Amino acid sequence: VERSTHVLDPGMQCLICLSDEGEVVQKGCHCRSDNGAVHLDCQIELAKHECETRNDWGRWERCGMCNQQYDGAVALSMATAGFSLVESRDRDDPVRTHALLNLACEKVNQFDDMSKAEEMLHEVLETTRRVRGPADEKTFYTTLVVALLTRRLGRIAEGLAMHKEVVEASERALGKDHRVSVAARAQLADAYHSGGQLDEAYRLQTESLKTLEQMYGKDHTEWIEAMNELVVIVRELGRMDEAMQLSTELLARRKRVQ
């Protein structure tokens, strides 16, 4: 669930300009207390400065202190401001393409003007396929986002077909253990889950979990998130004893990484 912009209590100072005037918000990451309080305009200006002086585009997407991605309305505002700086560049410019993809993703996350998000994603997909080729990992990633948006727009069968296509193509081009292939299987499992095809969802989620364990170990956040999804699927299958066993392991792993 995405967080909306959270306005902080009066008297909180902006971390950047040190003023408590105006609307001070939580900056959309894991930073809390004084480290998490900013004017959104100040945060945007800081990101501009980082881009201009250090060529650090990542500041439009993640916090420079906790290194966590922005989320909620803050992420959408940052993505919108970032794209506005490069919108006039050539369509094949890689920075413009990246910024457009970031903005489209945040629009999808926030359910903001979904028709515009779909238009943006198809532009990114067309550009990426033409510039990088159909078997490039960025092409696969963009196709996954388009598939997710397609499902959210209610075109379930179309989105599911796209997910299947990416799984097959990415495994063929990159291998089953590549991070894009793993992500593609996880999203296909989610598509099956959403469509009520629980047995297929269980099979794919179990495969993804094993691969993530080999790649990162069981204390990694991606493994923990995948295990949480598996628990939900197993409960919906009515296998409560298995769900309890998985939940116990999941809780133990969460305590280890806190």
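**Exercise 1. Place glutamate 23 in this predicted model: which segment holds glutamate 23, and what is glutamate 23 in contact with beyond its neighbours within four places in sequence?**

Step 1. Start with the chain position: glutamate 23 sits in the segment before strand 1.

Step 2. Check the surface. Its relative accessible area is 53%, and the cut-off for exposed is over 50%, so glutamate 23 is exposed.

Step 3. Now look for partners. With neighbours within four places in sequence set aside, glutamate 23 is in contact with Val7, Val38 and His39.

Step 4. Take one of these partners and look at the backbone. Glutamate 23 and valine 38 are 15 residues apart along the chain, and their C-alpha atoms are separated by 8.4 Å.

**Exercise 2. Leucine 18 and aspartate 113 have phi values worth a look. Work out where leucine 18 lies, where aspartate 113 is found, and what their phi values are near.**

Step 1. Leucine 18: phi is near 65 degrees, which is positive in a residue other than glycine.

Step 2. Leucine 18 belongs to the segment before strand 1 (25–26). Its relative accessibility is 57%, so leucine 18 counts as exposed.

Step 3. Aspartate 113: here phi is near 50 degrees, again a positive value in a residue other than glycine.

Step 4. Aspartate 113 is in the loop between helix 3 (94–110) and helix 4 (114–132). With 42% relative accessibility, aspartate 113 counts as partly exposed.

**Exercise 3. Is serine 208 buried or exposed, and which residues does serine 208 touch?**

Step 1. Find the element: serine 208 is part of helix 8 (residues 198–216).

Step 2. Get the accessibility. Serine 208 has a relative accessible area of 2%; the limit for buried is under 20%, so serine 208 is buried.

Step 3. List the contacts. Not counting residues up to four places away in sequence, serine 208 touches Val182, Arg185 and Ala186.

**Exercise 4. How many disulfides are there? Go through cysteine 29 and cysteine 51.**

Step 1. Use the rule: a disulfide needs a pair of cysteine sulfur atoms within 2.5 Å. The count comes to zero disulfides.

Step 2. For cysteine 29, the nearest cysteine sulfur is that of cysteine 66, 3.8 Å away, and cysteine 29 is in no disulfide. At 0% relative accessibility, cysteine 29 counts as buried.

Step 3. For cysteine 51, the nearest cysteine sulfur is that of cysteine 63, 15 Å away, and cysteine 51 is in no disulfide either. Cysteine 51 counts as buried too, at 17% relative accessibility.

**Exercise 5. Zoom out to the protein chain: how many helices and strands are there, and how does the radius of gyration sit against the globule rule?**

Step 1. Count the elements: the protein chain has 10 helices and two strands. From the N terminus on, they run β-β-α-α-α-α-α-α-α-α-α-α.

Step 2. Compare the radii. The chain's radius of gyration is 20 Å, close to the 18 Å from the globule rule for 258 residues, so the chain is as compact as a globular protein of that length.

Step 3. Add the extents: along its principal axes, the C-alpha trace spans about 55 × 45 × 30 Å.

Step 4. Turn to burial and surface. Of the 258 residues, 43% count as buried. The accessible surface comes to about 13,900 Å², with 48% of that belonging to carbon and sulfur atoms.

Step 5. Look at contacts with a separation of 6 or more: residues 24 or more positions apart account for 49% of these.

Step 6. Finish with charge. The chain has 33 positive and 44 negative charges, and their mean positions are 4 Å apart.

Note on methods. Residues numbered from 1 in each chain as written. Predicted model: local features only at pLDDT ≥ 70, side-chain atom pairs only at ≥ 80, totals over all residues. Heavy atoms only, no water. Helix = DSSP H or I, 4+ residues; strand = E, 2+ residues; numbered from the N terminus. Rg over C-alpha atoms; globule rule 2.2 N^0.38 Å. Buried < 20%, exposed > 50% of the residue type's maximum accessible area, 1.4 Å probe, protein only. Contact = heavy atoms within 4.5 Å. Areas by Shrake-Rupley, 256 points an atom, 1.4 Å probe, with all protein chains shown as cover. Lys, Arg positive; Asp, Glu negative; His and termini not counted. Charge placed at Lys NZ, Arg CZ, Asp CG, Glu CD.
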